[in-house]
Every structure is written in C-alpha cells, then in structure tokens.
Amino acid sequence: MSPWRIGDVTVTKIVEQEVNGGSRWLLPPGTPDWLLPHLDDGDACLRLSIHSFIVQTPARRIIVDTCLGNDKWKRPVDYWNNRQGPFLAALAAADCPVESVDTVVNTHLHIDHVGWNTVLRDHAWVPTFPRARYLISGAEYEYWRGHAAREDMRQMLADSVTPVVAAGQADLVEADHRVCDEVRLVPTPGHTAGHLSVRIVSRGEEALITGDFMHHPCQVAHPDFALTSDSDPAGGIRTRWEMFDRIADRPVLLLVSHFAGATAGYIVREGDGYRFAV
Ligand SMILES: [Zn+2]
C-alpha cells in the first residue's frame, strides 16, 4: 500500500474521493439506457477512486493529476460542483504543502485530473502550486482548445488550465517528455488525444502511473472494453494491448489512477488476455 517505493523514489496516494458507481462512463457504448438506473451511481458494483500521486525523487517533488478541486462549477456530476473538500489539508498532512511542489503533471485534461491546478482567490482562479511548473501535453491542450464544444469542457479549460498558462507556469510538452533522471512521460493516446502516462525508473525498479488508459480491472481481462468517455475508443484499445504486452509478466508496478483500495499491482498474462495481480 501507499507509499510505494521504487528505488530512490516514493509515491504516495492522496485520495480526494471514493465512490460507488461511475458506470455511466464505464459501460460500453451502445449499452441500453434502460440498464442505467439499475447499474448507475449508488450501486456497489463499481468502486472508483479519484486521487493524486505525489512522486518524490531525490531532487524533485511531482504531483501527478489534481483531482476535482474546490469551488468549481458547471461540472456534469452534481457533487463535483462547489466542492469544499479537505484535499489541501490532506496534502499538508502528507508533509507536502503546496509551496513544496515543483512539478505538476496532468495526464490529460479531464475534469477529474485538473481541478486542483487552481484555487479560487478573490474571485479569480490562480495556480494552487505557486512554485510549480505544470506539464501539459501540447497535443492535448490544442485538441481541447479546438474541440471544447461542451460547456463543461470550456469551463474546465477556463477555470483549471487557462489560469496556469496565463500565469506563465505551464510547459506544453511532448508526450514522451523527460521530467528528471527517474521520471519520464509515456504517450498513451485513446482516452484523449494527448493522453500520457508517467514512467518511474530507479535503481532497476520500475513503475507506471497509468492515468486513464484503463479505469477498471475488467479492462485488464478485456482490453477491448472501451469507455463511453474515450475520445478515440479504437486508439484506447490499441494502447491497452500495447501497454499490457510491454509490461506483462515483468516487475513493473502499475499505479492506476481510478482503482480504489489497493490501487497498485502487476499485469500477468492469462489465456488470451491478462489479469491484475495485487
Ligand atoms: Zn479520470
């Protein structure tokens, strides 16, 4: 369990929210609407977590993904609006005050991965982490600027991304950007256009923070199981097969961005697919 140790690097999970449900995004496209009332939020069939990872290397303190945030509005889920959660207190309690963070990585620009990029101060959105560089995939940023047809996506850019760019703290990077000796970004497109994962290697040990190229253990057994919220479902399926093939039966610790509970495990080949070994 958290914190995990990968050579000289430690990774700590900070949970903002764990809920039952989320099947609205997880059920495959074409699932009849009449199924939803029985499977949607409140049903304990799925348990999803929204959390950040603090990646502490000998020289750097990196936060991967920033959850939902407080005070945000126009979110598509009721209880994601006007939140007043204790996330920053949880960070401080983990000995990670906002001033100590030097790098923020957004695996992609979805509402549940960028929220704490900013805080509301005197009616304006300002970067939460005053000393940090925010690493955002340039392809991802351009994609959403061009495709933000939905009001919630436009609002997400306006309150959680644009203020960071305006403050001069954003670095629009390639999806294979090298962050430091131990940490490198890995392109994993499909869920979104510029989606990326985070690879950690230290002293011969290895871990991978997935972001959202997978959401649920059932996608390990069935990599073809796409999400309703994938921008490019076929690309997401390709990414899952490629990534699982690359790390299966190897000691690569997978840290999954929405797995509740144990969160981390290994990919093991089984039959025509894989299984997730905690
Ligand atoms: Zn997500």
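Two strands count as paired if DSSP finds at least two bridges between them, and strands here are DSSP runs of E of at least two residues, as helices are runs of H or I of at least four, numbered from the N terminus. The model is predicted, so local features need pLDDT of at least 70 and side-chain atom pairs count only at pLDDT 80 or more, while totals for chains, interfaces and linings use all residues. Residues are numbered from 1 along each chain as its sequence is written, and side-chain values use heavy atoms, with hydrogens and water left out.

**Exercise 1. Place β4 and β5 in the sheet, and identify the strands at its edges.**

Step 1. Strands of a sheet pair through backbone hydrogen bonds, either parallel or antiparallel.

Step 2. Residues 61-64 form β4 and residues 103-105 form β5, and these two strands pair in the parallel sense over three bridges; Ile 62 stands opposite Thr 103 in β5.

Step 3. The open sheet has seven strands in the order β1-β2-β3-β4-β5-β8-β9, with mixed pairing. Because β1 (4-6) and β9 (170-173) each have a single partner strand, they stand at the edges and one side of each is left without a neighbour in the sheet.

**Exercise 2. Describe the surroundings of Arg 5.**

Step 1. Arg 5 lies in strand β1 and is exposed, with a relative accessible area of 62%, where exposed means over 50%, buried under 20% and partly exposed in between, for a 1.4 Å probe and protein chains only.

Step 2. Leaving out residues up to four places away in sequence, Arg 5 touches Thr 10 and Glu 205, contact meaning heavy atoms within 4.5 Å.

Step 3. Ser 202 is 197 residues from Arg 5 in sequence, yet their C-alpha atoms are 9.5 Å apart in space.

**Exercise 3. Work out how α5 and α6 are arranged, and what α6 gives to the largest nonpolar core.**

Step 1. The axes of α5 and α6, which are lines fitted to C-alpha atoms over the stretch in contact, with angles from 0 to 180 degrees between N-to-C directions, come within 11 Å and cross at roughly 135°.

Step 2. Tyr 141, Trp 144 and Arg 145 in α5 meet Met 153, Leu 157, Val 161 and Val 165 in α6.

Step 3. A nonpolar core is a set of buried Ala, Val, Leu, Ile, Met, Phe, Trp, Tyr and Cys residues joined through side-chain atoms within 4.5 Å. In the largest one, of 32 residues, those touching the most other members include Leu 157 and Val 161, and α6 supplies the largest share, five residues.
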